[in-house]
Structure formats: C-alpha cells, structure tokens
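Thank you all for coming. I would like to take a few minutes to walk through one structure, going from a single helix to the wider packing.

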Amino acid sequence: VTITSQIKEEPLNKVKWIVLNARGFTDEEAAQHFGTRLCLILQLAALSARLGVDVGDNKPSSWVSEHFARSSGLIKEHERIAPNIHGLAILPDDDYTRFPVVEAHATVTATPGHFLSALRELGENGDIGLGAAANGVRLLNLALMTSEPLAQMVLAFSAVEELGQNEKWSEAQIVLIEQLANAAEASAETTAEQRAEVARAIRSALFPLSLRQGVIRLLSSLDLDHLRKEWDRLYGIRSGLFHGTASLSNSEVNQAALDTTTLCGRIILAVVAKEGARVPSIAATHFNPSATAAVQG
C-alpha cells in the first residue's frame with residue numbers, strides 16, 4: 001500500500017486527507033476484501049497511536065461531470081473521471097482515473113448587534129446574580145462553541161440534568177419511603193439483620209431520583225411541562241446515537257444537536273429568569289420560547 005496526500009507533492013506531516021492505494025488484485029471481490037480489512041487496520045492503528053482517523057462510509061465527497069471535465073480540459077481524451085470517495089473505492093488497475101479535489105472554505109459570522117444589545121441590557125440591569133443556573137450557562141456556552149454535534153448534545157443535556165439533581169422527594173413521598181422501611185423491619189421474612197439491611201437501603205439510597213425524574217421535576221417547577229415530549233424525543237436520539245441503536249445521516253444528527261441546544265437553552269434561561277436575573281430580549285429570537293408550546297398545544 002502506498003500512502004500519499006490527496007494533494008500532489010504535499011508532505012504527509014501536513015496532510016488533512018490521505019490516500020492509500022493498493023494495486024494488482026485479480027478481481028473486484030479480492031480488492032473489496034482487502035480494502036475492508038485495510039479500513040479496520042487503519043482505525044485500530046490510529047486508536048492505538050491516539051491519533052484518530054475517519055475512514056468514511058464509501059460515499060462521494062465531491063463529483064464533477066465527465067462531460068464538463070473533458071470539455072474544460074481537466075482530463076485528457078483517454079482519461080476517465082471518478083467521484084472522490086470518502087472511504088473505499090474499487091477502480092480499474094491503470095493510471096487513467098482522475099479524481100476531482102474540491103476545496104472550499106466558508107466562514108459563518110453572527111451579527112454583533114445581537115450580542116451588543118444583550119450586553120447593553122444586562123449592563124444596565126446591575127448585578128446579574130446567577131445562582132444554580134451559573135454552571136448551566138457555562139456548559140451551554142461550551143456547547144455552542146464546539147462544532148461537533150454529539151459534543152453539543154452531551155454538554156447541553158448535562159447543563160439541564162445537573163439542575164435536575166437539585167430536585168428532592170416531596171414530604172409525602174418521604175413519609176411513604178419511611179413506611180416502606182418500617183414494613184421491611186417488621187416483616188417476618190429472612191433474618192433480623194437482613195431486614196435491617198433492606199430498611200437501611202430504602203431509607204438511604206434505594207430510591208434516588210433518576211436523571212429523567214429530576215428533569216421532569218425541573219420542567220414542572222418552571223411551568224414547562226409542555227417540553228417533556230421534546231425532551232424525551234431528543235434524549236431518545238442521543239441515547240440511540242451513543243448506544244449504537246440509531247442510524248442517522250449527518251444532516252439528521254446536526255438537526256438533533258441544533259434542536260437540543262435550543263431546547264436546553266430555553267430551560268436554562270427559564271431558570272435564570274426564575275432566579276431573578278434579567279434575560280436579554282434577543283434571547284427570544286434565538287431560542288423561540290413559544291414555538292414548542294404552540295406545537296404541543
């Protein structure tokens with residue numbers, strides 16, 4: 001296998017995209033078998049070297065019409081053009097295939113007016129006084145700074161789940177738990193020592209609030225019960241992605257990350273408002289606090 005840069009003459013210590021080329025297979029099946037094994041080797045080698053590679057999913061990252069390429073003089077009469085595959089490509093074993101290399105750089109900027117107006121409103125309001133929401137605000141800022149959608153989802157959900165952990169059992173629930181512990185102690189089953197162990201577990205840690213229970217309590221306290229369905233939908237996507245039970249396209253993952261940061265931003269900003277701090281009016285433009293309520297209603 002020869003290893004080169006996608007860009008001719010570029011040294012390997014500067015490349016972003018590399019090409020591994022193997023030749024001389026008797027048929028396409030043999031080439032496919034070797035290529036599949038090579039992808040697995042690449043991933044394991046990169047992990048072992050703490051490097052990280054993306055071997056792709058065998059789909060084209062760029063493509064140019066052969067008619068256009070030929071009429072524009074990009075390829076010669078005897079040459080062919082093939083899609084630039086991110087992954088494994090099986091090709092004729094000659095030197096007549098050419099690949100389009102399309103490189104584009106785009107920068108997305110935000111209007112400073114929104115940021116400046118928020119600064120002005122908050123500056124005129126004096127002390128901010130963030131309480132429990134302070135770390136949630138920090139985590140959501142980190143989520144918005146990263147370009148990786150899965151990292152965005154993790155940070156955004158964590159911002160809300162942390163606040164949910166402040167929720168406790170109600171007085172009536174505490175009474176019920178104590179009744180269950182007393183019933184365990186009075187049971188005729190097993191030994192006195194084992195009954196005491198069960199009662200102690202019930203009173204201490206057998207029934208902690210789950211992450212979801214904490215979030216549901218938080219939503220109720222903020223009068224945001226209508227967001228439960230959206231929380232469960234997005235959290236289900238997050239769980240499917242992290243546990244390998246969901247197969248989503250890149251655009252679907254990006255949309256899920258966008259929806260998650262919007263939802264969690266609404267919740268965190270509601271906590272900020274409940275704590276008495278002023279939420280800049282521009283937040284309504286970016287987090288659209290009435291949209292989900294309208295849909296749910």
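Let me begin at the surface of helix α6, where E171, A172 and A186 are exposed, on the side opposite its buried residues. Please keep in mind that what we are looking at is a predicted model. The buried residues of α6 are I177, A181 and A184, and they lie on the same side of the helix because they cover an arc of only 55° around its axis. As general background, an α-helix has 3.6 residues a turn, so residues three or four places apart point the same way. Part of the cover over the buried residues of α6 comes from α7, residues 192-204.

As for the length of α6, which runs over residues 171-186, its 16 residues should span 22 Å at 1.5 Å a residue, and the end C-alpha atoms are 23 Å apart, which agrees.

Now to the nonpolar packing. The largest nonpolar core has 29 residues, and V160, W231 and I267 are those with the most contacts inside it. At least two residues of this core are supplied by each of α4 (134-145), α5 (149-164), α8 (211-221), α9 (228-243) and α10 (250-274), with α10 giving the largest share, eight residues. If we take I267 and leave aside its neighbours within four places in sequence, we find it in contact with V160, L218, L219, L222, L224, L227 and W231. Apart from this core lies another one, of five residues, among them I177, A181, A199 and I202, and here we meet again I177 and A181, which are among the buried residues of α6.

Key. Residues numbered from 1 in each chain as written. Predicted model: local features only at pLDDT ≥ 70, side-chain atom pairs only at ≥ 80, totals over all residues. Heavy atoms only, no water. Core = buried A, V, L, I, M, F, W, Y, C linked by side-chain atoms within 4.5 Å. Buried < 20%, exposed > 50% of the residue type's maximum accessible area, 1.4 Å probe, protein only. Helix = DSSP H or I, 4+ residues; strand = E, 2+ residues; numbered from the N terminus. Contact = heavy atoms within 4.5 Å. Expected span 1.5 Å × (residues − 1). Arc of directions from axis to C-beta.
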